[in-house]
There are 2 protein chains.
Amino acid sequence: MKILITGAAGMIGRKLVRALMRSGKVRGQPIRHLILADIIAPEAPDFDVEVETLATDLSQPGAAESLIAQRPDLIFHLAAIVSGEAEADFEKGYRVNLDGTRALFEAIRLAGRDRPYMPRLVFTSSIVVFGNPLPPVISDSHCLTPLTSYGTQKAICELLLADYSRHGFFDGIGIRLPTISIRPGAPNAAASGFASSILREPLAGKRAVCPMPSDTDLWLASPRSALRSLEHALDVDGAAFGDYRCVNAPGVTVSVEEMLAALARHGGDRGLVDFVPDPAVAAIVGTWPARFDTSKAAAMGFPDACSIDAMVRSHIEDELN
Amino acid sequence: MKILITGAAGMIGRKLVRALMRSGKVRGQPIRHLILADIIAPEAPDFDVEVETLATDLSQPGAAESLIAQRPDLIFHLAAIVSGEAEADFEKGYRVNLDGTRALFEAIRLAGRDRPYMPRLVFTSSIVVFGNPLPPVISDSHCLTPLTSYGTQKAICELLLADYSRHGFFDGIGIRLPTISIRPGAPNAAASGFASSILREPLAGKRAVCPMPSDTDLWLASPRSALRSLEHALDVDGAAFGDYRCVNAPGVTVSVEEMLAALARHGGDRGLVDFVPDPAVAAIVGTWPARFDTSKAAAMGFPDACSIDAMVRSHIEDELN
């Protein structure tokens, strides 16, 4: 199996590479070749198969074609700039998140004109494709009315994914990942960054700022849960999706207060978190839905997301020990 | 008022120009300048104001910028290739229906960087943005899961319209027009062409082919009804739309059998219609919803669509006398 991962230098990308290395195979077949692409060259993992690492910008002419020329069997398209950056830089958001994705899809379609080519493509969408009006619980088929440019770009890519899959250009699966918590490492420009930092920083003995009130509900998944969803997406039957190719990935609804209580249960000092309201973050995060119906994912065998306590514990195990 | 109409050489575009000429003003102000653009130069109407007619392809570099350089106050963006052609020619469909629209939106956004510019933009979307799963009646906020490339392109443009409007780049209104019946003139490549030809041809004493069974329900609006929706879209308050800028335009649910009964009531010979099932048409038209909740349009003052009898009558009045 030859696997292409875009956005491979990102947090999820790096963890996905390690998870693939651990199992050494996908769909029952050995992994023989990894192509890791990102805007900066991903670190080459110490992995006993052919590995290529590439610094490439999918939105530039020829970039996607050159990745697809190798005809990977499986593609994880993770590359994107995050919500805060896409909102602040309108042009960059559309160039990277929309044009880059479309260039990849087009490269696959055109590669299939020469000789049959039908890779499984796993695309990471997001819960921010949903906006007002929001019912108490969001179903898989709830209307996409995003309230940010990032959400708009993801929603457009979902529509493209469905159309390209319907035409048989690739076998696409879109999974709408919850907000990931706890992200390791430095904060990024995502509006949801606090959903990690209010746990991560105190666990490292550092102060953190929470820009939202303590009763704010969030829809979260740990990095481990997100990876389980991504890996499972390789195995599900694309036809089981019906005409639309996206599913709400498993997550859990947790309030900021519940997060801080879990922090305390695992030895963190919740006193290190300062509540400093930020209208700019509230304007974005306040529109995000926090409760989802994931029965479609469950029926397709996606594993349940772990609890807030398991989220904190896995961060301690994976990142702090 | 300076008005730009793209797709001005099409059936709706030509009728819209005549309707605007009749009233001579919009939003209470006189029309002083009309810019009529299409892929072929639209016919110059005999109209006592400045009129420009332009053959232009919005998807070509610079084309949209040159139209927007004149800073029209009102823009009707009607230009598109139809459903059957967009399904048969994947590249052309995306180039014209998506890239052309995006180029227009971008030209407006960039024009507003130099000095304030905020035109009202009326975009014609379509009921084919909806697909499975379909409830018995489609609401304005039903999920967009189009089953054709044309529907995908329209759905993507709806999302762009909402995001550009939210950013304040223009004041966008999208109206999802029903299938137009009776279209005058020659058949076009739309899969819905029969919805006009089974009435139009017998009214002219000619034979017509109906590719769908007689119990097929369709969601229809006459050209006059569609024009009333387009003209009303100039007057509605954009903010009344909320975050999403599209509305289901008024229409009526009519079966093929009811259409033929109306044909007979107006002196047409329904025996001139041959039922010849066409799986390619059925694959497209069979997915189209036929019943809509238009309460949002009604609340915004969009006039009701006319009945099937009025549809036939207005065709006789407008086209045959």
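I count two strands as paired if DSSP finds at least two bridges between them, and with that in hand I turned to the sheets of this predicted model.

**Entry 1: the seven-stranded sheet of chain A**

I looked up the strand order in chain A and found an open sheet of seven strands, β5-β4-β1-β6-β7-β8-β12, with parallel pairing. At its edges stand β5 (50–55) and β12 (246–248) of chain A, each with a single partner strand, so one side of each is left without a neighbour in the sheet. From one strand to the next I read an average twist of 15°.

I then followed the edge at β12(A), where three bridges join this strand to β8 (residues 171–177) of chain A and the two run parallel. As one pair to place on the model, I noted R176(A), whose bridge partner in β12(A) is N248(A). Across this part of the sheet I found helix α5 (residues 149–166) of chain A, which lies over β7 (120–126), β8 and β12 of chain A and runs at about 155° to β7(A).

**Entry 2: the three-stranded sheet of chain B**

In chain B I looked at an open sheet of three strands in the order β9-β11-β13, and here the pairing is mixed. The edge strands are β9 (179–180) and β13 (252–255) of chain B, each of which pairs on one side only. Between β9(B) and β11 (residues 217–221) of chain B I found two bridges in the parallel sense, and I located I180(B) opposite its bridge partner in β11(B), A221(B).

**Entry 3: two helices of chain B**

How do α4 and α5 of chain B pack? I read an angle of about 10° between helix α4 (residues 90–114) of chain B and α5(B), with their axes 9 Å apart. Since angles under 35 degrees count as roughly parallel, α4(B) and α5(B) are therefore roughly parallel to each other.

I went through the residues that meet in this packing: α4(B) contributes, among others, F90(B), Y94(B), L98(B) and F105(B), while α5(B) brings residues including Y150(B), I156(B), L160(B) and Y164(B). Sorted by class, the contact of α4(B) with α5(B) comes to nine nonpolar, five polar and two charged residues.

**Entry 4: the two chains**

I superposed chain B on chain A, which takes a rotation of 180° with 0.0 Å of shift along its axis and leaves an RMSD of 0.0 Å. The two copies are thus related as by a two-fold rotation axis. Looking along chain B for the C-alpha nearest that axis, I arrived at C143(B), 1.8 Å from it. I also noted that the same surface serves both copies, as 100% of the contact residues of chain B recur in chain A.

The contact takes 20 residues from chain B and 20 residues from chain A. Which helix gives the most to the side of chain B that touches chain A? I found it to be α5 (residues 149–166) of chain B, with six residues. That side of chain B divides into nine nonpolar, nine polar and two charged residues.

**Entry 5: the domains of chain A**

Last, I took up the domain assignment of chain A, which gives domain 1 as 2–178 + 222–250 + 291–305 and domain 2 as 191–216 + 253–289 + 309–320. Taken over C-alpha atoms, the centres of these two domains of chain A are separated by 27 Å. In the contact between them I found 16 residues of domain 1 and nine residues of domain 2. To the domain 1 side, helix α3 (residues 83–88) of chain A gives the most, with three residues, and by class that side has seven nonpolar, six polar and three charged residues.

Terms used
Residues are numbered from 1 along each chain as its sequence is written. Chains are lettered from A and ligands numbered from 1 in the order in which they are written. This is a predicted model: local features need pLDDT of at least 70, side-chain atom pairs count only at pLDDT 80 or more; totals for chains, interfaces and linings use all residues. Helices (H or I, at least four residues) and strands (E, at least two) are DSSP runs, numbered from the N terminus. Copies are superposed by least squares on the C-alpha atoms of residues with pLDDT of at least 70 in both. Two residues are in contact if their C-beta atoms, placed from the backbone, lie within 7 Å. Ala, Val, Leu, Ile, Met, Phe, Trp, Tyr, Cys and Pro count as nonpolar, Asp, Glu, Lys and Arg as charged, and the others, Gly among them, as polar. Domain bounds come from an automatic or database domain assignment. Axes are lines fitted to C-alpha atoms, for helices over the stretch in contact, and angles run from 0 to 180 degrees between N-to-C directions. Angles under 35 degrees count as roughly parallel, over 145 as roughly antiparallel, 65 to 115 as roughly perpendicular and the rest as oblique.
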